[in-house]
Structure formats: structure tokens, C-alpha cells
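Let's take a friendly look inside a protein model, starting with its empty spaces and moving on to its aromatic rings. Keep the 3D view open as you read.

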Amino acid sequence: MKNALLLTLTLLVSVGGAAQVIPTHKRMHPVATAADVPAATPYLAFPALVDLGTDVLVSYKRGRSHGGDSSAVLDVLRLDALTGKVKSRGTLAELDDKIMQMGEWVRFPNGDLASYIDAQQKAAPTRIGLRVVRSRDGGATFGPVERVGIVDGVEYGYAFEALTEGQTTWMLAMTFTNLAGGKTVYPPRPVSGSVDVIRSDDNGKAWRFVRNLSKELGNLPINESSFARHGDGFIVAARGYDNRQWLAKTDGAFQLQRKVNLTAANSFIKSHVGRPRVFTHDGGWYLLGRNSTDSGPMRLSLFRFDPETFEPVD
């Protein structure tokens, strides 16, 4: 369904060998369509959700195109967790003629909920620095759009994912050469910089640098990344600008222990896995993302893998 956000209850699945399991049916529940929003901004994209228990919040971009559309906003839906029905609609973030893109939810130890936003402008260079909106009442209301600012000499432009354990929140974020501290990692992409790990121990009031993942993984040209706790360390999934997809194991300080080029190791991955998410469920390890195949268009695919070997699991 074009220009619509959907809750998809089954996924396209890729597991084991070169075989792909394609469901013969899907159940989809539209939660927002172009008919639900102003006619001037019918393009809905980049949904992100957070589970609040009885409710689920879904943020998404509302604009006119994939990018470059000044005054695009970040909207939010409140869904009933049991039925999926929309309870309320509203705007989460808007900023003059700027572009609110790719909101990433972060839940802090004190219960605060925040969305970190890839804020852009139409003119090049597009990134203007990471922005955030915060709720101090469990997601009932949100404050104004604020600039995250400088972290140990660096201003980040794009947050990918965050993980909170105890009183610490880790975040993966990307630098850009037009922002403070950004340096080119991959010359063919002169605007983009490194993917870094940063951390906060005061509920996001202040952040500090932990590790440059691009350098740690061997000066890889990576951007969209995801991570999850594994034992005393982490497993990281990273999309390469060079059409390679990586899984890596690090220690607790994000120092590399091993890495695997999934694109080279698996015939059913033809390129990178776009906007990857690595997660666990019922003891299994999974990678979710957009997979380019040789048998048709890009597909949303779910891969199950062994966290020790990174081999696919049937």
C-alpha cells in the first residue's frame, strides 16, 4: 500500500543456506495512510516504535519525499497494544523549515523517553546536528526540539540505536564532516564520517565518547548499525557503503574480537542489509533488515544466526 504505514504481523524470512521462505499470506493493519494526513505532506516513512505496556508509540516522518523536503515533521501515533487501533495522532517534532528524519527512541534509566532525530536541511551539506525531544511523564507528553550539541569535541548527526542497562545508556551515532569533529572515513563518501559508540550515565543530560566502531572494525565504510548485549560484550550489525554487511563480536569496551562479512559468506545476501536490527527472542538471535536479492526487488528479511559462529540457523 503506497504512502501508508502498516503493522505487519508476518515477515519475509531468509534462513539457512540459499533458501528463502516466503509466506503465502500476510495480515496487515494500516495505522496511517495519506488520507489521514494533510494533502501537502502525504509521504510517510521511517517508522520507529516503543512499547509502553498498554500503549505503543509509533513515530514516523511526514513529508513530501524520501529526503530534501523542507518542513517535514516527525509525527507520532499512540496505539492500543492489544488491538493495534490508533488512540491518538499528533506531531512529535517540527523545526521551522528543517527536515525531521529518522527518529530513534531511547528509554533512560529514570523512565524518561526520548526521540533522537536526524535533523537536516534541504541545502547541502544537509546534516545540521542531532536533535532530541524528551518525555518526562512516560510518553504522555513531549517537550520542545533541542540540540544535543557537542560530545567530546564531536557533534553527531544521525543516531542508530540505543541500549540501556542499569544506569548507563549506550548509543550508536554517526559523524559528518560538516559538523564539529567529523572526519572522512571512506573517501568516495566525503560527507559521511565514522560510526561511534557514546554513553550517558545521567539519563542523557551529558554524553561521552567510548569507541570509533568504523576504526575498530578495520576502518570499514559503515553507516546504519545496530547492537545487542551478548555475554560480557556486544554483537554489532553494520551496513557498509561498499555493499557489504557485517556482523561483529566485541568485548564490553567495544573492542573487536571477531567479524564476518555476511555478504561474502552467504549467497542469499547480495549486498548490504539496509537499516539492520540485531535482536534476541526466546533464546534465538536475529538480524532484520532490507535484503537485496537476485530474484526480485529488495525485501524485508529476517535472518536467524548462531551468535558464536555467525552461521545461519534453520
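By class, nine nonpolar, one polar and two charged residues make up the lining of the largest cavity. Keep in mind that this is a predicted model.

**The cavities**

How many cavities of 30 Å³ or more does the structure hold? There are two of them. The largest cavity contains about 90 Å³ of space, and the second largest contains about 30 Å³.

To find the largest cavity in your viewer, select its lining residues: Leu247, Leu262, Asn266, Phe268, Ile269, Leu287, Phe303, Arg304, Phe305, Phe310, Glu311 and Pro312. Which element gives the largest share of this lining? Strand 24, which covers residues 299-305, does so with three residues.

The second largest cavity has its own set of neighbours, including Val185, Tyr186, Arg189, Leu220 and Tyr241. Ser192, Gly193, Pro221 and Ile222 are also part of that lining. Sorted by class, the residues around the second largest cavity are six nonpolar, two polar and one charged.

**The aromatic rings**

Now for the rings. A pair of aromatic rings is described by how far apart the centres are and by the angle between the planes. The count for this model comes to 13 aromatic pairs. Here are two examples to look up:

| Pair | Centre to centre | Angle between planes | Arrangement |
|---|---|---|---|
| Tyr116 and Trp207 | 6.0 Å | 90 degrees | edge-to-face |
| Trp285 and Phe305 | 6.1 Å | 55 degrees | tilted |

The pair of Tyr116 and Trp207 links distant parts of the chain, with the two residues 91 apart. Tyr116 belongs to strand 10 (residues 113-120), while Trp207 is in the loop between strand 16 (192-200) and strand 17 (208-212). Are these two residues buried or exposed? Both Tyr116 and Trp207 are buried.

Why is the pair of Trp285 and Phe305 called tilted? Its planes stand at 55 degrees, so the pair is tilted, because that angle falls between the cut-offs of 30 degrees for stacked and 60 for edge-to-face. This pair also joins distant parts of the chain: Trp285 is in strand 23 (residues 284-291) and Phe305 is in strand 24, 20 residues apart. Trp285 counts as buried because its relative accessibility is 9%, and Phe305 is buried at 5%. You have met Phe305 before, as one of the residues lining the largest cavity.

Two more ring features are worth finding. Trp170, Phe227, Phe234 and Phe254 are joined by ring pairs into a cluster. Elsewhere on your tour, look for Lys259, whose charged end sits over the ring of Trp246, 5.2 Å from the ring's centre.

Conventions: Residues numbered from 1 in each chain as written. Predicted model: local features only at pLDDT ≥ 70, side-chain atom pairs only at ≥ 80, totals over all residues. Heavy atoms only, no water. 1 Å grid on protein atoms, 1.4 Å probe; cavity = no way out; pocket = protein on both sides within 12 Å on 5 of 7 lines; lining within 4 Å. Points joined across faces, edges and corners; volume = space filled by probe spheres on them. Helix = DSSP H or I, 4+ residues; strand = E, 2+ residues; numbered from the N terminus. Nonpolar A, V, L, I, M, F, W, Y, C, P; charged D, E, K, R; others polar. Phe/Tyr/Trp six-rings, centres within 6.5 Å; stacked < 30°, edge-to-face > 60°. Buried < 20%, exposed > 50% of the residue type's maximum accessible area, 1.4 Å probe, protein only. Lys NZ or Arg CZ within 6 Å of the ring centre and 35° of its normal.
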